[in-house]
Structures are given as structure tokens and as C-alpha cells.
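Trainee: I have a new model open and would like to go through it with you. Can we take it piece by piece?

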Amino acid sequence: MKETIRLTVRLFLITAIAGLILAFANSFTSPVIQQREKQEYENALKEVFADADKFETLEEGKLNSIKTKIKNIEKVEIAKKSDKTVGYVFKTLGKNGYGGDISMLMAINIENQTIVGFKVLKHNETPGLGSRVTTPEYAQSVVGNKVTEHLVKNLHPDKDNDIQAITGTTISVNAVLNGLNAAIDALADVGK
């Protein structure tokens, strides 16, 4: 009995010390990771809306109002060129991808109501199948579409609201459509 208690106390001390060491290491690495994620996000914004020279985050009250109605919206950035609003970048979640939710950015030019940029930020889709929605070729099927109506998938996209359907990746494409159409729904509320 005494031996069991002694072993339990030793095991507890070892795990407590290991936990403290991990917490100490995390206190140093966490700010570095957050800074890197912020820089990657800013670079992605510039990538999807190259014409903008700065981005401002949508006012929190308005964003929360939109999030109440449209659950997929995570963030909205106002794209500006010479202090004039030229469009918006929506960070959305495409719900129910094969490997979970797909985080993406979609940039919309408000002058011509067209998608000017698309990028998948995070996903857990199957490599070689669902992950094909992250390719530049797939992004090109999204860019150029009008946002005056919901997007639809099509094996042979030929309309202003068609994006490429990919055989074998139906669930992933549906998740991307879910996120893109959430941004289109939110666009009406952003401009108010």
C-alpha cells in the first residue's frame, strides 16, 4: 500500500513538473505563433485583393449583427485604395467538408460585383481529392464570378455564377460553396 502511494506521488510530481515546463515553453512560443499567423493572414488578404492598398476590419457591432444571421462569417475586411472602399474580403467557414470545416477568404469588388480573389486558409480534406479545392486552378473557377446570385457547382462552368465541380470531391466542393454563398449573403448587410 505504501509503495503504491509513493509511486502515485512520484508520478504526480513528474507530470506536474512536465506540465509546468510545457506551460513555460508555451508562454514564449505563443506570441511568436500569433505574430506569424497575423502576418500570414495579412499576406493572404493582399493576395486575394491585390488592388487594395490597405484593409480595415469591419466595425465589431456590424460584424456581430451579420454573424447572428449568417453563422459561417468569421471576419470581414474592408478593402481600400487611396482611402476609397473598393471591396470587401470575407473570411468564412465552409461547413461540413469531408475533413471538417474549410476556412477561406473571398474578395469581392463592389464596383462590378465580381469575385476578385479566393484562397483556402485551412482545411483537413483528403490529400489528392478534397484538397483539390485549394489549388490555383480551382481558385480560377471561383474568380470572375458575379455575386448577384448564389454560386452553383457545374462540371462545365459557363455562367457568371458557376464554379468548377470536381468528380470525387462533392462534399469538399459543397463546403466551399457553403462558405462562398455565406459571403454573398453577408455582402448585402455589409454595405448598409
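Mentor: What follows covers the pockets, a record annotation, one helix and a few single residues. Keep in mind that this is a predicted model.

Trainee: Pockets, then. What volume does the largest pocket have?

Mentor: The largest pocket comes to about 280 Å³.

Trainee: Which residues line the largest pocket?

Mentor: The lining consists of Glu37, Glu40, Tyr41, Ala44, Glu74, Lys75, Lys91, Ser103, Lys119, Leu121 and Lys122. Helix 1 (2–48), strand 2 (73–81) and strand 5 (114–122) each give two or more residues to that lining.

Trainee: Which element gives the most?

Mentor: Helix 1 does, with 4 residues in the lining of the largest pocket.

Trainee: And how do the lining residues of the largest pocket divide into nonpolar, polar and charged?

Mentor: The count is 7 charged, 3 nonpolar and 1 polar.

Trainee: OK, the second largest pocket. How much space lies in it?

Mentor: About 150 Å³. The second largest pocket is lined by 13 residues, and the closest to its centre are Glu47, Phe118, Lys119, Pro136 and Ala139.

Trainee: Which elements supply at least two residues of that lining?

Mentor: Helix 1, strand 5 and helix 3 (136–142) each do so for the second largest pocket. Strand 5 gives the most there, with 4 residues.

Trainee: What classes are in the lining of the second largest pocket?

Mentor: By class there are 7 nonpolar, 4 polar and 2 charged residues. For the largest pocket, the split was 3 nonpolar, 1 polar and 7 charged.

Trainee: Changing topic. Where does UniProt place the FMN-binding domain?

Mentor: The UniProt record, an unreviewed entry, places "domain: FMN-binding" at residues 97–187. In the model, the chain over residues 97–187 is 27% helix and 29% strand.

Trainee: How far apart are the end C-alpha atoms of residues 97–187?

Mentor: They are 23 Å apart.

Trainee: Which residue does UniProt list for "modified residue: FMN phosphoryl threonine"?

Mentor: Thr170, according to the unreviewed UniProt entry. In the model, Thr170 is found in helix 4.

Trainee: How accessible is Thr170?

Mentor: Thr170 has 44% relative accessibility, so it counts as partly exposed.

Trainee: Stay with helix 4. What should it span, and how far apart are its ends?

Mentor: Helix 4 covers residues 170–190, which is 21 residues. At 1.5 Å a residue it should span 30 Å, and the end C-alpha atoms are 30 Å apart, so the two agree.

Trainee: How many residues of helix 4 are buried?

Mentor: 15 of the 21 are buried, so helix 4 is largely enclosed by the rest of the structure.

Trainee: Asn181 caught my eye. Is Asn181 buried or exposed?

Mentor: Asn181 sits in helix 4. Its relative accessibility is 12%, and the cut-off for buried is under 20%, so Asn181 counts as buried.

Trainee: What does the side chain of Asn181 reach?

Mentor: The side chain of Asn181 reaches the backbone nitrogen of Leu151, at 2.7 Å.

Trainee: Now some distances. How far apart in space are Leu13 and Ile73?

Mentor: From C-alpha to C-alpha, Leu13 and Ile73 are 45 Å apart in space, with their positions 60 residues apart in sequence. Leu13 lies in helix 1 and, with a relative accessible area of 46%, is partly exposed.

Trainee: And what separates Asp51 and Asn109?

Mentor: Asp51 and Asn109 are 58 residues apart along the chain, while their C-alpha atoms are separated by 9.5 Å. Asp51 is in the loop between helix 1 and strand 1 (54–57), and at 51% relative accessibility Asp51 counts as exposed.

Trainee: Last one, backbone angles. What is phi of Asp83?

Mentor: Phi of Asp83 is near 65°, which is positive in a residue other than glycine. Asp83 is in the loop between strand 2 and strand 3 (84–97). With a relative accessible area of 57%, Asp83 is exposed.

Trainee: What about Asn96, where is it found?

Mentor: Asn96 is found in strand 3. Asn96 also has a positive phi, about 65°, although it is not a glycine. At 61% relative accessibility, Asn96 counts as exposed.

Notes
Residues are numbered from 1 along each chain as its sequence is written. This is a predicted model: local features need pLDDT of at least 70, side-chain atom pairs count only at pLDDT 80 or more; totals for chains, interfaces and linings use all residues. Side-chain values use heavy atoms; hydrogens and water are left out. On a 1 Å grid over the protein atoms alone, a cavity is a set of points where a 1.4 Å probe fits but cannot get out, and a pocket is an open set with protein on both sides within 12 Å along at least five of seven lines; lining residues have an atom within 4 Å of a point. Grid points are joined across faces, edges and corners, and a volume is the space filled by probe spheres set on the points. Ala, Val, Leu, Ile, Met, Phe, Trp, Tyr, Cys and Pro count as nonpolar, Asp, Glu, Lys and Arg as charged, and the others, Gly among them, as polar. UniProt positions are given in the numbering used here, feature names are shortened, and annotations may be inferred rather than shown by experiment. The expected span of a helix is 1.5 Å times one less than its number of residues. Buried means under 20% relative accessible area, exposed over 50%, partly exposed in between (1.4 Å probe, protein chains only). A polar contact is a pair of N or O atoms within 3.5 Å; within protein, one must be able to donate a hydrogen and the other to accept it, and residues adjacent in sequence count only if both atoms are side-chain atoms.
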